[in-house]
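Please work through the exercises below with the sequence and the three-dimensional structure at hand. Each exercise has a task sentence and a solution that goes step by step.

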Amino acid sequence: MEPQLLDTVADGVATVVVHHPAKRNAMTAGMWRALPPLLDRLATDPGVRALVLTGEGGTFCAGADISTLRGSPGEAQGLAVLAEEALAAFPKPTLAAIRGHCVGGGSQLAAACDLRFAEEGSLFGITPAKLGLVYAASSTRRLVSLVGPGTAKYLLFSGELIDAERALRTGLVDEVLRVGELSDRVAEFSAVLVSRSQLTQAAAKEFADGRTDRDAHWAEQARGSGDTAEGVAAFLERRPPRFTWSV
């Protein structure tokens, strides 16, 4: 099978799989180009309430396919940044499910997700210093927002890999699961996300990402949504809420 991004939708969750097992799921130029329109399609699908990004088999993503850097490294980096920004801008909750290597462009993609769950034994690295590349300012700022300037500098200056436990301590990942437990935990948590108010999630995502000019917009959405009344009623009636607001 050619290197590609595979996607499925089930029970409100879109799953996007980085599929290039011959090169540990390295991203080709075509795969970088394909991600933004794929995300646009899933964002407008009313049946999608959350998105999970993962890799085929035992590797999340080993980064960019290095062969794509020979001709025009600047262009290849630009494609990666556009894909990263498209993922960060996805209007619904996103979760990276990580096994094995999450390196270079793979770490860019993981950092662009809202949450990151990793299996024990996973390895993380930001490796432009090994190639003489300048890591994009937007990607650097996103990394610093997750792990702080000290750890960001450690990763960027050295290109060294860190294990899942250190990634958890520094804030690069949110949960670390024992081998064999990642899929069940991701499915369980995705079901939680699907059950919650999309209104709350969409507003919280914008605010957490630094948007400061939309308070009035979200207040108006809340007044007209019916989600608050439904949430209160469901709580008092001891039943699951049926939220109706959608992105």
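The exercises that follow deal with sheets, helices, pockets and single residues.

The model is a predicted one, in which local features need a pLDDT of at least 70 and side-chain atom pairs count only at pLDDT 80 or more, while totals for chains, interfaces and linings use all residues. Residues are numbered from 1 along each chain as its sequence is written, and side-chain values use heavy atoms, with hydrogens and water left out.

**Exercise 1. Find the order of the six strands in their open sheet, and name its edge strands.**

Step one is to fix the terms: helices (H or I, at least four residues) and strands (E, at least two) are DSSP runs numbered from the N terminus, and two strands pair if DSSP finds at least two bridges between them. With these terms, the six strands form an open sheet in the order 1-2-3-4-6-9, and the pairing is mixed. Step two is to look at the edges, which are strand 1 (4-10) and strand 9 (175-177), each of them pairing on one side only. Step three concerns the twist: neighbouring strands of this sheet are turned by 20° against each other on average, direction ignored, where axes are lines fitted to C-alpha atoms (for helices over the stretch in contact) and angles run from 0 to 180 degrees between N-to-C directions.

**Exercise 2. Describe the partners of strand 3 and say whether its residues are buried or exposed.**

Start with strand 2, which pairs with strand 3 in the parallel sense over six bridges; here Val18 has Gly55 of strand 3 as its bridge partner. Next, strand 3 (residues 50-55) also pairs with strand 4 (residues 94-98), again in the parallel sense, over four bridges, and Leu53 has Ala96 of strand 4 as its bridge partner. Finally, six of the six residues of strand 3 are buried, where buried means under 20% relative accessible area, exposed over 50%, and partly exposed in between (1.4 Å probe, protein chains only). Ala50, Val52 and Thr54 point one way from the strand, whereas Leu51, Leu53 and Gly55 point the other way.

**Exercise 3. Determine which strands helix 1 and helix 3 lie across.**

For helix 1 (residues 29-43), the strands are strand 1, strand 2 (13-19) and strand 3, and the helix runs at about 15° to strand 1. For helix 3 (residues 105-112), they are strand 3, strand 4 and strand 6 (115-119), and this helix runs at about 140° to strand 4. A further step leads to the open sheet of three strands, which has the order 5-7-8 with mixed pairing. Helix 3 packs on that sheet too, touching strand 5 and strand 7, and its direction makes about 90° with that of strand 5; contact means heavy atoms within 4.5 Å.

**Exercise 4. Characterise the lining of the largest pocket.**

A pocket, on a 1 Å grid over the protein atoms alone, is an open set of points where a 1.4 Å probe fits, with protein on both sides within 12 Å along at least five of seven lines, and its lining residues have an atom within 4 Å of a point. The volume of the largest pocket is about 530 Å³, a volume being the space filled by probe spheres set on the points, which are joined across faces, edges and corners. Of the 29 residues that line the largest pocket, the closest to its centre are Ala64, Gly104, Gly105, Thr127 and Leu131. Helix 2 (73-88), strand 5 (101-103) and helix 3 each supply at least two residues of this lining, and the largest share, four residues, comes from helix 2.

**Exercise 5. Compare the settings of Glu206 and Asp40, asking of each whether the residue is buried or exposed.**

Glu206 has its place in helix 7 (residues 198-208) and is buried, because its relative accessible area is 19%. Leaving aside neighbours within four places in sequence, Glu206 is in contact with Arg211, Arg214 and Trp218. Asp40, by contrast, is found in helix 1 and counts as exposed, because its relative accessibility is 53%. As a last step, the C-alpha atoms of Asp40 and Ala89, 49 residues apart along the chain, are separated by 9.8 Å.

Notes: Nonpolar A, V, L, I, M, F, W, Y, C, P; charged D, E, K, R; others polar.
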